[in-house]
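These are my notebook entries on a protein structure. I set down what I looked up and what I found, one topic at a time.

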Amino acid sequence: MPTVPEALTLMDYGPAPESTDHAMEWLKGRSFGHFINGKFTTASESFATNSPASGVELVQVAQGSDSDVDSAVKAARKAAPGWAALSGHMRARYLYALARLIQKRERLFAVLESLDNGKPIRESRDIDVPLAVRHFYHHAGWAELLADEFPGYRPHGVCGQIIPWNFPLLMLAWKIAPALAAGNTIVLKPAEQTPLTALLFAELCIEAGLPKGVVNIVTGDGRSGAALVAHPGVDKIAFTGSTDIGRTIRRATAGSDKALTLELGGKSPFIVFAEADLDAAVEGVVDAIWFNQGEVCCAGSRILVQESIAETFTNRLKTRMKTLRVGDPLDKSTDIGAVIDDTQLQRIRGIVDQAVAQGAVLHQALAPNGPGSFCAPGLLTDLGAANIAMTEEIFGPIVTLMTFRTPAEAVELANNTRYGLAASVWSENITTALDIAASVKAGIVWINGTNIFDANAPFGGMRDSGFGREGAREGMLAYLTFDAATGGTRKPVAALSGLPDGASGDAVDRTRKLYIGGAQKRPDGGYSYAVPGAQVPMGNRKDIRNAVEAAEKAGKWSGVTGHNRAQVLYFLAENLNARAAEFAAQVGEAETQAAIARAFYWAAWADKYDGRVHSTQGAHVTLAMKEPFGVMGVICPEEAPLLGFVSTVLPAIAMGNRVVAVPSQSNPVAALDFYQVLDTSDVPGGVVNIVTGPRGELADTLAKHDGVAALWAFADPAICENAKTQSASNLKPVWAETHLRDWSGAAGQAREFLQRAVQVKTIWVPYGA
Ligand code: NDP
């Protein structure tokens, strides 16, 4: 026993264990079935869920078979009309009741979560559970306000939701609360390692009197997830997990009309400038990568530190790292608990070993040897940009550190990743911090902070981090659909047979040209095809690639003000009006007049579809900025050759995108002649590029192209399916509409066009002197 003076010098922590009695009592003697149609089933096949900290089995849970998934989807389908027909107020009452019930069992949820996942009780108690409660309260509000705030929208129907093991209850709340608020019913599959808090939540659904079948929970491994994705009775899939499985799901849903949102991995930069508060930034690293054992999709896993302060910062960080306590998750003074299982531990070690073999230097603290899967916090230095630890998501408590000299270099390094989930910027200079926030490719940027979440702050990524947002008004949109179906399914267009240039028999070459980079261009293949009254160019892959390159070069358009874009679009509308007679001769008076009106309409929106400031946590301004994607592909509708072109291309450029447009295949003349309007309207070269030809092939090239950040396809089912399948390689969002739309009416200028032309970047700006 140390004397008091000795104890003061040691300042060691004594054990401070949280009792597990209540949770063990809840588990005692049980084995769980699925929660389907308001009750628990009897499992026909089971597996164990273990404590990552001890390796000991906690309880047996059911392995979901295809038939279990089928029963759950059927229950959800049956419940869907009744749930959607309830008033928003009634749905709000249920969500509110669920929030209250979780709150009443906060401690049980927190202890179960730490037992099942291995995360420190401090985090499950102070972060996961309160945030889950916050999500149910917040979305009770959206249910109440739905009809007022989202007129014209309806729920998708049945949502299949698949969640990972790193934040089991929180991810459940992020998925279930908005889906229920919007009027959807649910089949949720928790990760096989962490089903317990979802099963406790199922009990609360019974207690809250939630109508049967509204929430169904099927436990099991990836096979149950795959069955849910494949089920024809599911209308929307929401997935959080690894990028690889995200791609698999993108491909698996391509042939259906299932809506899809993907929240995937990350390799988020943590950028520290010389003028940053260094002690705060060191604490920031603790929250960025040593929170939740580093098993966080938005973890700040790549530190980029300005060269002039790199040594000081690194030394302070190493000192701080040594003070972190790794051990029993149920001990209230533990900083880092156990990683989810031995497979994950071996995966982390494997990447670290490879990183070191590739030249990195590892600085690591200590961790218990086990039993249980413990990983000591670590810092990798002396790495090259191509080191495996710089490119792969480690999903463990290991961070890399690199230096930069200038802000431009910081941005270049930050964006040197295939991911785009989050970024953290540390600087006391507001101009620098906001400039970097605007320049990094990430869905969430924290200034002088990290890993701050709120139900009213949109969360989600770009690039290989997926698409769609969760939380806030923006997240509600992921669970709603704007019903613009007005007709049948689009029919495939006949295959084209082209003629070499000059073979049309015409002495004078009247073949129209492609429009690329602000100039008329002959098609690369030198072929054209005949349409009524004209020969039109037969574009190919190479033409699409040239058009994308031209669009990439026109990046300035994305940076000009909305007012500037509005001016250009008004001028364009005026010029279209001046040529009305020429266009009317091609597509008729009514379509021409509608197209002119539509051009004015999108011009009006160019400076008005702006972002929001969300009310989130104290002492923060949380901005939800609407950013253009960059280069977009648009497969224009086959019908309404001028109006369909104007209705799709103009909202995309009004929001700051540059477009490669593939007009109607069978009737492209009006769109090709539109170049004259573009030329005379100060639309910079490369902002709109027009490539005609076989739309299936051109859509395929656009879908595969890494330079195209988003794709719209108003096309037949085969083209849409292929576009979605091919997009899996770079995970661009694809808006594929296989049904006909009435372009002349309100559906032709729906808000959806603006919504789908932007991605939301959430920027957290702290204040307080
Ligand atoms: P997965 O992406 O495999 O798992 C996420 C969820 O998807 C789980 O519920 C899983 O079920 C389910 N699933 C697995 N396969 C399919 C499928 N074919 N169709 C539908 N659902 C499926 O992540 P892992 O748990 O396997 O972790 C692997 C790696 O992924 C980690 O090492 C980490 O790097 C990364 N990861 C990233 C996350 C993020 O949020 N960015 C979250 C989790 C992991 P099951 O429980 O059986 O696996």
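The entries below go through strands, a sheet with its helices, aromatic rings and one loop residue.

**Entry 1: strand 10**

I worked with a predicted model throughout. I began with strand 10, residues 236-240, and asked whether its residues are buried or exposed. Five of the five residues are buried, so I describe the strand as largely enclosed by the rest of the structure. I then looked at its two faces and found both of them covered. K236, A238 and T240 are buried on one side, and I237 and F239 are buried on the other.

Next I looked up the partners of strand 10. Strand 7 (residues 158-162) runs parallel to strand 10 and is joined to it by four bridges. Within this pairing, I237 of strand 10 has G160 opposite it. Strand 11 (residues 259-263) is also parallel to strand 10, and here I noted five bridges. F239 has L262 of strand 11 as its bridge partner.

I also followed the chain from strand 10 onwards. Together with helix 10 (residues 243-252) and strand 11, strand 10 makes a β-α-β unit, and this unit is right-handed.

**Entry 2: an open sheet and its helices**

In which order do the strands of the open sheet lie? I recorded 10 strands in the order 14-15-16-13-12-17-18-33-27-26, with mixed pairing. The edges are strand 14 (361-364) and strand 26 (612-614), each of which pairs on one side only. On average, neighbouring strands of the sheet are turned by 20 degrees against each other, with direction ignored.

I examined one pairing in more detail. Strand 27 (residues 620-628) and strand 33 (residues 758-766) are antiparallel and share nine bridges. In this pairing, L623 stands opposite I763 of strand 33.

I then looked up helices that lie against strands. Helix 12 (residues 310-322) lies across strand 12 (268-272), strand 13 (300-306), strand 14, strand 15 (378-381) and strand 16 (398-404). Helix 12 runs at about 155 degrees to strand 15. Helix 15 (residues 407-414) packs on the sheet and touches strand 12, strand 13 and strand 16. The direction of helix 15 makes about 145 degrees with that of strand 16.

**Entry 3: aromatic rings**

I asked how many aromatic pairs a search of the whole structure finds. The search finds 31. A pair of aromatic rings is described by the distance of the centres and the angle of the planes. I took W83 and Y94 as one example: their centres are 5.6 Å apart, their planes are at 50 degrees, and the pair counts as tilted. W83 belongs to helix 3 (residues 66-85) and Y94 to helix 4 (residues 88-104), and the two residues are 11 residues apart. I found both W83 and Y94 buried.

I noted one aromatic cluster as well, formed by Y601, W602, W712, F714, W735, W743 and F753. W743 has a further partner: the charged end of R741 sits over its ring, 5.8 Å from the centre. In another place, K626 lies over the face of Y609, at 3.9 Å from the ring centre.

**Entry 4: T194**

Last, I looked up where T194 is found. T194 is in the loop between strand 8 (185-189) and helix 8 (196-207). Its relative accessible area is 1%. Buried means under 20%, so T194 counts as buried. Not counting residues up to four places away in sequence, I listed the residues that T194 touches as D116, N117, P164, W165, P168 and I340.

How values were computed
Residues are numbered from 1 along each chain as its sequence is written. This is a predicted model: local features need pLDDT of at least 70, side-chain atom pairs count only at pLDDT 80 or more; totals for chains, interfaces and linings use all residues. Side-chain values use heavy atoms; hydrogens and water are left out. Buried means under 20% relative accessible area, exposed over 50%, partly exposed in between (1.4 Å probe, protein chains only). Two strands pair if DSSP finds at least two bridges between them. A crossover is right-handed if, with the strands pointing away from the viewer, the path from the first strand over the helix to the second runs clockwise. Rings of Phe, Tyr and Trp (its six-membered ring) pair if their centres lie within 6.5 Å; planes under 30 degrees apart count as stacked, over 60 as edge-to-face and the rest as tilted. A charge sits over a ring if NZ of Lys or CZ of Arg is within 6 Å of the ring centre and within 35 degrees of the ring normal. Axes are lines fitted to C-alpha atoms, for helices over the stretch in contact, and angles run from 0 to 180 degrees between N-to-C directions. Contact means heavy atoms within 4.5 Å.
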